[in-house]
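Work through the following exercises with the sequence and the model side by side. Try each task before reading its solution.

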Amino acid sequence: GDLRIVLPWHDEVEGRPRLGDLRIEGGAAFGTGEHATTRMCALWLQNHVGPSTTVLDYGTGSGVLSLVALKAG
């Protein structure tokens, strides 16, 4: 999808800032959007969430997937 998760330690982000950018302060692996399963779930959310979709992020992390769902829908 078009969403980019941008973290404080990313010195340079490819291209200019975009409306779809999600800037967060994440944890070590989960919560940053960099873990493979988080990226997979984020891509699925971008492709399946719309304005009338209800989403429950039932994780114990940072809530990054809730933020992705909010941006997607």
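**Exercise 1. Find which exposed residues lie on the face of α1 turned away from its buried side, and which residues of α1 are buried.**

Solution. Begin with the outward face of α1, which carries the exposed residues Ala-36, Arg-39, Met-40 and Asn-47; here exposed means over 50% relative accessible area, buried means under 20%, and partly exposed lies in between, with a 1.4 Å probe and protein chains only. Helices (H or I, at least four residues) and strands (E, at least two) are DSSP runs, numbered from the N terminus. The model is predicted, so local features need pLDDT of at least 70 and side-chain atom pairs count only at pLDDT 80 or more, whereas totals for chains, interfaces and linings use all residues. Residues are numbered from 1 along each chain as its sequence is written, and side-chain values use heavy atoms, with hydrogens and water left out.

Next, turn to the buried residues of α1, which are Thr-38, Ala-42 and Leu-45. They lie on the same side of α1 because they cover an arc of only 60° around the axis, the arc being that of the directions from the helix axis to the C-beta atoms. In general, an α-helix has 3.6 residues a turn, so residues three or four places apart point the same way.

Finally, look at Thr-38 itself, which counts as buried because its relative accessibility is 6%. Its C-alpha atom is separated by 7.5 Å from that of Leu-65, although the two residues are 27 apart along the chain.

**Exercise 2. Work out which residues of α2 are buried and what they pack against.**

Solution. First, list the buried residues of α2, namely Val-64, Val-68 and Ala-69. These cover an arc of only 140° around the axis, which puts them on the same side of α2. Then follow their packing, which is against β1 (4-6), β2 (21-23) and α1, where contact means heavy atoms within 4.5 Å. Seen from the other helix, what covers the buried residues of α1 includes α2.

**Exercise 3. Identify the elements that give two or more residues to the largest nonpolar core.**

Solution. Start from the core, which has 11 residues in all, including Leu-3, Ile-5, Leu-22, Ala-42 and Val-64; a nonpolar core is a set of buried Ala, Val, Leu, Ile, Met, Phe, Trp, Tyr and Cys residues joined through side-chain atoms within 4.5 Å. The elements that give two or more residues to this core are α1 (36-48) and α2 (64-72), and α2 gives the most, with 3 residues.

One member, Ile-5, has its place in strand β1 and is buried because its relative accessible area is 19%. Measuring from C-alpha to C-alpha on the model, Ile-5 and Glu-34 are 8.3 Å apart in space, while they are 29 residues apart in sequence.

**Exercise 4. Decide whether Thr-53 is buried, exposed or partly exposed, and state what its side chain reaches.**

Solution. Locate Thr-53 in the loop between α1 and α2. It is partly exposed, because its relative accessible area is 37%. Its side chain reaches the backbone nitrogen of Gly-50 at 2.9 Å. As a last step, compare chain and space: the C-alpha atoms of Thr-53 and Gly-73 are separated by 7.2 Å, with their positions 20 residues apart along the chain counted as the distance apart.

Key. Polar contact = N/O pair within 3.5 Å; in protein donor to acceptor, adjacent residues only side chain to side chain.
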